[in-house]
Amino acid sequence: MCPDRGLPNLPPADLAAALAAWLAGPRSRALRRARIGLRRRVLEVGCGHGAVTAELRRRAAGEAVALDLSARPGVAQLAARAEALPFRNGCFDLVFFQNLLLWVPQLEAAIREAVRVLQPGGDLVAVEPDYGGMMEQPDLGLQALWCRGLHRAGANPKVGRRLPAACEAAGLRVWVELAHLPRPASAEVVSLLEGLPLTESERRQAAGARQIVENKAGDWGVFVHVPYFLVVAGKA
Ligand SMILES: C[S@@+](CC[C@H](N)C(=O)[O-])C[C@H]1O[C@@H](n2cnc3c(N)ncnc32)[C@H](O)[C@@H]1O
């Protein structure tokens, strides 16, 4: 893999920051619903470069702990898996995921762990995509490329639609909203795609799409839309 594309499950910091900025409005709504301003022990699972970490720390009433599969100095304080959290039962009042659960092969195990470390009255907040619901204009074939590339990288491109039922099955009270944020396409969306394992012919197709997007940057004639599931699920 080309080193400047980053890992498939961790795009370069500038792309992660742009994606986090695009999701800022819906994420803020979900965090407000989870009463982040009153939360004293927040856990962020899969913090990556920390695109949301500072926001959680600023908005929480107390501490926000950031964890990732691979700890990064200055961002993730702990290296651990979402499916096996190194904390005792009930020691957080909010557990946050963004663009993480699609990368976890055992979704139910990650949710079970979040429920275990939440105290009663705590909330799980998830902001996760569903590439199966992707729309594009014109049809550049990007949806199929994204789904295949993510699948090949070990991710579930349609994790969003599985979340409400998975949270419900774990005994949580579920609130769900679909975040729709269509915008004129930018080259960022193709850059993220290019970080995935694609075949040579898929890579050529992505390069063709990049050209079309770059020629029409900021023009509504070309847009690519990925719906995000916002889930706030409370532990009784
Ligand atoms: C796409 S990045 C998202 C980072 C950040 N949440 C954001 O929105 O910018 C996914 C992150 O999840 C981490 N990750 C992947 N699988 C994980 C797992 N099973 N447990 C914990 N972290 C995981 C990766 O190391 C990566 O940093």
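1. Let's start at the ligand. One of its nitrogen atoms sits 3.0 Å from an N or O atom in the side chain of E83. Keep in mind throughout that this is a predicted model.

2. The backbone joins in as well. A polar backbone atom of G46 is 2.7 Å from a nitrogen atom of the ligand, and for Q98 a polar backbone atom lies 2.8 Å from a ligand nitrogen. As for how covered the ligand is, the protein takes up 96% of the 600 Å² of accessible area that the ligand has on its own.

3. Who else is around? The shell counts 18 residues, and the ones that come nearest to the ligand are N9, G46, D68, A82 and Q98. By character, that shell splits into 10 nonpolar, 5 polar and 3 charged residues.

4. Now the sheet. You'll find 7 strands in an open sheet with mixed pairing, and the order reads β3-β2-β1-β4-β5-β9-β7. The edges are β3 (78–79) and β7 (173–179); each has a single partner strand, so one side of each has no neighbour in the sheet.

5. A closer look at the β3 edge: β2 (residues 63–68) pairs with β3 in the parallel sense, over 2 bridges. Here D68 stands opposite A79 in β3. D68 should ring a bell, since it was also listed among the residues that come nearest to the ligand.

6. Two helices are worth tracing against the sheet. Helix α2 (residues 24–33) lies across β4 (92–98), β5 (118–129), β7 and β9 (228–234), and it runs at about 10 degrees to β9. Helix α6 (residues 159–169) also packs on the sheet, where it touches β5, β7 and β9; the direction of α6 makes about 165 degrees with that of β5.

7. Finally, two backbone details to check on your screen. The peptide bond from Q137 to P138 is cis, with omega near -5 degrees, and P138 is in the loop between β6 (135–137) and α5 (142–152). The other is R35, a residue other than glycine with a positive phi, near 55 degrees. Look for R35 in the loop between α2 and β1 (41–45).

Methods: Residues are numbered from 1 along each chain as its sequence is written. This is a predicted model: local features need pLDDT of at least 70, side-chain atom pairs count only at pLDDT 80 or more; totals for chains, interfaces and linings use all residues. Side-chain values use heavy atoms; hydrogens and water are left out. A residue is near a molecule or strand if one of its heavy atoms lies within 4 Å of it. A polar contact is a pair of N or O atoms within 3.5 Å; within protein, one must be able to donate a hydrogen and the other to accept it, and residues adjacent in sequence count only if both atoms are side-chain atoms. Accessible areas come from the Shrake-Rupley method with a 1.4 Å probe; for residues, only the protein chains shown count as cover. Ala, Val, Leu, Ile, Met, Phe, Trp, Tyr, Cys and Pro count as nonpolar, Asp, Glu, Lys and Arg as charged, and the others, Gly among them, as polar. Two strands pair if DSSP finds at least two bridges between them. Helices (H or I, at least four residues) and strands (E, at least two) are DSSP runs, numbered from the N terminus. Contact means heavy atoms within 4.5 Å. Axes are lines fitted to C-alpha atoms, for helices over the stretch in contact, and angles run from 0 to 180 degrees between N-to-C directions.
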